[in-house]
Amino acid sequence: IDAVAAAVLEKQGTSPGGTSAPADSMQKVVIPSGKTVTLALGSEVMLRLGGATCVASGTPGLIDMTSGADLAGGKALEKNHLYMSTVEGRGFKTTAETTVFIRGSYTIG
């Protein structure tokens, strides 16, 4: 990616291979089934429609800010719960077409 393209992406709030929502707002994202979303440190996500499981190689996976509990890798995200990534590389994998709201940076792979 050249410097001009990188500058355009930065101005739009995105980066090569990833996107981000402004820190003071949430962005609605529709993700196809079978995709993995990796959240940046401090990013938040709320599952609205569809299904997803936590992706984490260790503990904690994601922090369920609604219940105050840790969500381990492989466990399902609950609809309308707010989750935070407190360890780099944590995220979720969709099990159906899924609609989420995300605050912060993330990549879809």
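## The nonpolar core

A nonpolar core is a set of buried Ala, Val, Leu, Ile, Met, Phe, Trp, Tyr and Cys residues joined through side-chain atoms within 4.5 Å. Keep that in mind as you look at the structure above, which is a predicted model. Its largest nonpolar core has 16 residues. Which of them touch the most other members? They are V37, L39, V45, L77, F92, V100 and I102.

Several strands contribute to this core: β2 (27–31), β3 (36–39), β4 (44–49), β5 (52–55) and β10 (98–103) each supply at least two of its residues. There is a general pattern to recall here: in soluble globular proteins, nonpolar side chains tend to be buried together.

## The six-stranded sheet

Now let us turn to the sheet. Six strands form an open sheet with antiparallel pairing, and their order is β2-β10-β4-β8-β6-β7. At the edges lie β2 and β7 (69–71), each of which pairs on one side only. From one strand to the next, the twist averages 35 degrees.

As a reminder, strands of a sheet pair through backbone hydrogen bonds, either parallel or antiparallel. For a closer look, try β2 and β10, which pair in the antiparallel sense over five bridges. One residue pair to find there is V29 and its bridge partner in β10, V100. You have met V100 already, among the core residues that touch the most other members.

## One salt bridge

How many salt bridges does the structure hold? It holds one, formed where the side chains of E44 and R103 meet, at 2.6 Å from N to O. E44 belongs to strand β4 and R103 to strand β10, so this pair ties together parts that are 59 residues apart in sequence. In general, side chains of opposite charge can pair when their charged atoms come close.

Are the two partners buried or exposed? Buried means under 20% relative accessible area, so E44, at 11%, counts as buried. R103, at 24%, counts as partly exposed.

## A closer look at T98

Strand β10 also contains T98. This residue is buried, with a relative accessible area of 0%. Leaving aside residues up to four places away in sequence, T98 touches V29, V30, I31, L47, L49, G50 and G51.

What does the side chain of T98 reach? One target is the backbone oxygen of G51, at 2.9 Å. Another is the backbone oxygen of A96, at 2.6 Å.

Notes:
Residues are numbered from 1 along each chain as its sequence is written. This is a predicted model: local features need pLDDT of at least 70, side-chain atom pairs count only at pLDDT 80 or more; totals for chains, interfaces and linings use all residues. Side-chain values use heavy atoms; hydrogens and water are left out. Buried means under 20% relative accessible area, exposed over 50%, partly exposed in between (1.4 Å probe, protein chains only). Helices (H or I, at least four residues) and strands (E, at least two) are DSSP runs, numbered from the N terminus. A salt bridge is a side-chain nitrogen of Lys or Arg within 4 Å of a carboxyl oxygen of Asp or Glu. Two strands pair if DSSP finds at least two bridges between them. Axes are lines fitted to C-alpha atoms, for helices over the stretch in contact, and angles run from 0 to 180 degrees between N-to-C directions. A polar contact is a pair of N or O atoms within 3.5 Å; within protein, one must be able to donate a hydrogen and the other to accept it, and residues adjacent in sequence count only if both atoms are side-chain atoms. Contact means heavy atoms within 4.5 Å.
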